[in-house]
Amino acid sequence: MINFEILGRVTASRGDWVASLTRQQQHLLSVLVLAGGGPVDRPSLETALWDEQLHSPEGGVKRVVSELRARLEPAYRDAGDPIPGASDTYRLRLASDQADVLRFRAKLAEARRAAGPRSTDLMRAALEEWGSDGKGLYGGRPLSGLPGHWADARRTALRLEHRDAVIHCLEQDLREGRFDRLVRECEQLADEPDALHDSDFVQLWVTAAHRTGLPGRADQILRLAEDSARRHLQRPLDRRLQELAERIRTDSTRTPGRAMSDRDRNRDGTDGNRDGRVVFNNYDNTTVAMQTAEASGNMTFHMPAKDAPVKVQAEEEPEA
């Protein structure tokens with residue numbers, strides 16, 4: 001069975017066979033795949049393929065369709081014309097399970113009809129359709145290499161679909177009290193610069209960090225988000241996050257020593273790492289490191305110059 005992929009680079013494959021496609025052929029294939037096998041009229045195809053030009057080339061759509069058809073025919077064998085045309089429209093002959101984006105959206109729809117952990121399991125299965133290209137909160141770069149307004153708009157929509165599915169999974173972790181797991185997942189997702197500019201994501205990350213019993217760690221995340229918003233978006237931290245920061249600081253003041261008071265936590269490190277070290281990457285790949293102690297003690301904050309690593313070191317109290 002032939003398989004179409006657009007959630008990363010645009011390809012068509014069957015077994016060991018992979019179609020060799022030019023960028024324009026990939027562009028046309030993407031339009032037809034996103035149509036789900038339905039007909040697309042010639043003006044729509046012209047807009048998608050030549051949206052930066054006032055007029056499309058004479059016979060442009062017909063030529064690109066013919067070229068793509070020739071590239072796909074070896075995989076269709078006796079299945080007929082890969083791109084049948086009728087009444088100035090064209091469609092791609094495919095089933096709903098033959099394209100990664102169609103499988104992704106079908107699983108998303110099933111997940112939304114479910115509830116609780118079952119819904120989250122289906123969401124995670126849907127995200128697997130992005131494969132190794134689906135990195136970070138927003139899923140990397142679908143329609144990779146395709147230029148133009150049409151590709152940019154569809155790419156943005158697909159990245160938001162990926163983001164919403166990830167947020168759903170993170171929210172379920174929060175509801176079920178899996179705070180350490182949620183923090184670890186957020187640390188990995190934060191490698192993508194835009195993640196620090198997503199208020200919902202940062203709120204989940206900060207809340208989970210605070211609920212682990214390490215409010216200082218939550219404060220570090222908020223400062224990363226605040227610095228990134230100021231430097232790269234030229235705006236202050238979202239008001240919702242400012243209010244969250246104030247609540248966390250108030251709560252920490254009311255419960256002194258909370259950051260190091262949980263003696264029953266994982267002795268391999270509060271985040272599951274054996275050395276207790278957590279590293280966050282910010283927009284410029286600078287780092288903020290935290291070294292947590294296994295016993296309660298005083299916290300010493302070393303504040304270097306701007307844009308340098310910030311280290312937080314726990315100092316154990318001397319034995320009596």
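Start by selecting Leu182: this residue is buried, with a relative accessible area of 0% (buried means under 20% relative accessible area, exposed over 50%, partly exposed in between, with a 1.4 Å probe and protein chains only). You are looking at a predicted model, in which local features need pLDDT of at least 70 and side-chain atom pairs count only at pLDDT 80 or more, while totals for chains, interfaces and linings use all residues. Residues are numbered from 1 along each chain as its sequence is written, and side-chain values use heavy atoms, with hydrogens and water left out.

Now colour helix 7, residues 179–189, which holds Leu182. Helices (H or I, at least four residues) and strands (E, at least two) are DSSP runs, numbered from the N terminus. Next, show what surrounds Leu182: leaving aside neighbours within four places in sequence, Leu182 is in contact with Leu170, Asp173, Leu174, Leu204 and Ala208 (contact means heavy atoms within 4.5 Å). Draw a distance from Leu182 to Leu204, C-alpha to C-alpha, and you should read 8.2 Å for a pair 22 residues apart in sequence.

From there, go to the largest nonpolar core, a set of 76 residues. Such a core consists of buried Ala, Val, Leu, Ile, Met, Phe, Trp, Tyr and Cys residues joined through side-chain atoms within 4.5 Å. To find the residues with the most contacts inside this core, select Phe4, Leu29, Leu72, Leu92, Leu170 and Phe201. Then highlight helix 6 (residues 149–175), which gives the most to the core, with eight residues.

Keep Leu92 selected and display its partners. Not counting residues up to four places away in sequence, Leu92 touches Phe4, Leu29, Leu32, Val33, Gly37, Leu72, Tyr76, Pro82 and Ile83.

Phe4 leads you to the next stop, since its bridge partner in strand 2 is Ala12. Select strand 1 (residues 3–5) and strand 2 (residues 11–14), which pair in the antiparallel sense over three bridges; two strands pair if DSSP finds at least two bridges between them. Asn3 also has a bridge partner in strand 2, namely Ser13. The link from strand 1 to strand 2 is a hairpin of five residues.

Add strand 3 (residues 17–18), which pairs with strand 2 in the antiparallel sense over two bridges. Here Ser13 has Val18 as its bridge partner. Zoom in on Gly15, which takes a positive phi near 65 degrees in the hairpin of strand 2 and strand 3, a hairpin with two residues between the strands.

Step back to see these three strands as an open antiparallel sheet in the order 1-2-3. Strand 1 and strand 3 stand at the edges with a single partner strand each, so one side of each has no neighbour in the sheet.

For a last residue, pick Ser119 in helix 5 (residues 116–127). Is Ser119 buried or exposed? Ser119 counts as buried because its relative accessibility is 3%. Show Ala111, Ala114 and His168, which Ser119 touches when residues up to four places away in sequence are not counted.

Finally, zoom out to the whole chain, with its ten helices and ten strands. Of its 320 residues, 45% count as buried.
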